[in-house]
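Student: I've got a chain open on my screen. Can we go through how its parts pack together?
Tutor: Sure, let's look.

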Amino acid sequence: MSDLEINGVFSGGGMKGYALIGAIQAAEEHGFHFKKVAGTSAGSIVAAFLTAGFTSEEIYKIMIDAPRKSFLDSSFRVLPFINWLMLYWNMGLYKGNALEKWLGEKLARKGVRNFGDIEPGSLKVIVSNVSNNQLVVIPDDLPKYQIDPRKFSIAKAVRMSASIPYIFRPVKLKKNLIVDGGLLSNFPVWLFESKDYTKKAKRPVIGIRLTPKEKTNERRDIHNSLELFSALFSTMLNAHDLRYISRKVEKNIMFIPVQEGISADFDLPKEECEKLVQLGKQTAIEFFKTWRHTVKT
């Protein structure tokens, strides 16, 4: 199949994000090339790698061998329980510096460090500003903070988007606290949904969402505080984005049926990561059997 440019939107999902890699592998095998991408949390990681010029196989090798446990960079290695005592002040168990450094080193392999090193508009990363209750699109919204987008680190943007609350500490952006973009938009398909954008781009948009399609509007029974917390977090992750998944857009969304919830299991065995990659790939193969890419002009 001839190479066809498409835009892509990748949802968050913690360690379940490995399924995104398999979906990208299938897309490349079908001749598709991601031109402009957007992502939240785990989705922002693969989006950044794609923008830097990594192939799906390169991303696979990087992620499958990633030192996931080293990303949990606590301040107190000798007395780890102190982290729990300090959670009140630090607002996160782990610093997140190790993740940002690792991302920066990998992106630098392709000569990519800041947004000025990539094509304008080719990467959009979603983060949440909890200081003023605002969703922030990086690099688009950086001028509002008196920051030059061209000089802003892509690794830092992704680290912000992947700052799972209470797991990683928030990042300060001009005195504003920034956390996981999934709190406000875990699947930013709306970024590429406008008719004007699609018409101008003249390329189709594919969304890859880490959730079973049939469960997007499923009612849940809540019986205790733990279930309530899970429901609250799930609502924050999904309610905003579900408004944009109309029937018109739904046909361009690939729903990968991973288990519910956010996975912060950095000890996830390599075999389980492999299974997620294969799940994503198989889901994508089935998706492309019936998907018809059209762009109205």
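Student: How are α5 and α6 set to each other, oblique or not oblique?
Tutor: α5 and α6 are oblique to each other. Oblique covers what is left after under 35 degrees (roughly parallel), over 145 (roughly antiparallel) and 65 to 115 (roughly perpendicular). The axes of α5 (residues 97-108) and α6 cross at roughly 140 degrees and come within 8 Å. Axes here are lines fitted to C-alpha atoms over the stretch in contact, and angles run from 0 to 180 degrees between N-to-C directions. Keep in mind that this is a predicted model, where local features need pLDDT of at least 70, side-chain atom pairs need 80 or more, and totals for chains, interfaces and linings use all residues. Residues are numbered from 1 along each chain, and side-chain values use heavy atoms, without hydrogens and water.

Student: Which residues of α5 and α6 meet?
Tutor: E100, L103, G104 and L107 of α5 meet I154, A155, K156, V158 and R159 of α6. Contact means heavy atoms within 4.5 Å. By class, that contact has 5 nonpolar, 1 polar and 3 charged residues.

Student: What about α2 and α6, at what angle do they pack?
Tutor: About 160 degrees, with the axes of α2 (residues 42-52) and α6 (residues 154-161) 8 Å apart. That makes α2 roughly antiparallel to α6. S44, I45 and A48 of α2 make the contact with I154, V158 and S161 of α6. It has 4 nonpolar, 2 polar and no charged residues.

Student: New topic. Where is L191?
Tutor: L191 is in the loop between β8 (176-180) and α7 (195-201).

Student: Is L191 buried or exposed?
Tutor: L191 counts as buried, because its relative accessibility is 15%. Buried means under 20% relative accessible area, exposed over 50%, and partly exposed in between, using a 1.4 Å probe and protein chains only.

Student: What does L191 touch?
Tutor: Leaving out residues up to four places away in sequence, L191 touches A38, K124, I126 and V137. L191 and V137 are 54 residues apart in sequence, yet 9.4 Å apart in space, C-alpha to C-alpha.

Student: How many residues are in the largest nonpolar core?
Tutor: It has 70 residues, and F10, Y18, F49, I138 and F288 have the most contacts inside it. Such a core is a set of buried Ala, Val, Leu, Ile, Met, Phe, Trp, Tyr and Cys residues joined through side-chain atoms within 4.5 Å. Helix α1 (residues 18-29) gives the largest share, 8 residues.

Notes: Helix = DSSP H or I, 4+ residues; strand = E, 2+ residues; numbered from the N terminus. Nonpolar A, V, L, I, M, F, W, Y, C, P; charged D, E, K, R; others polar.
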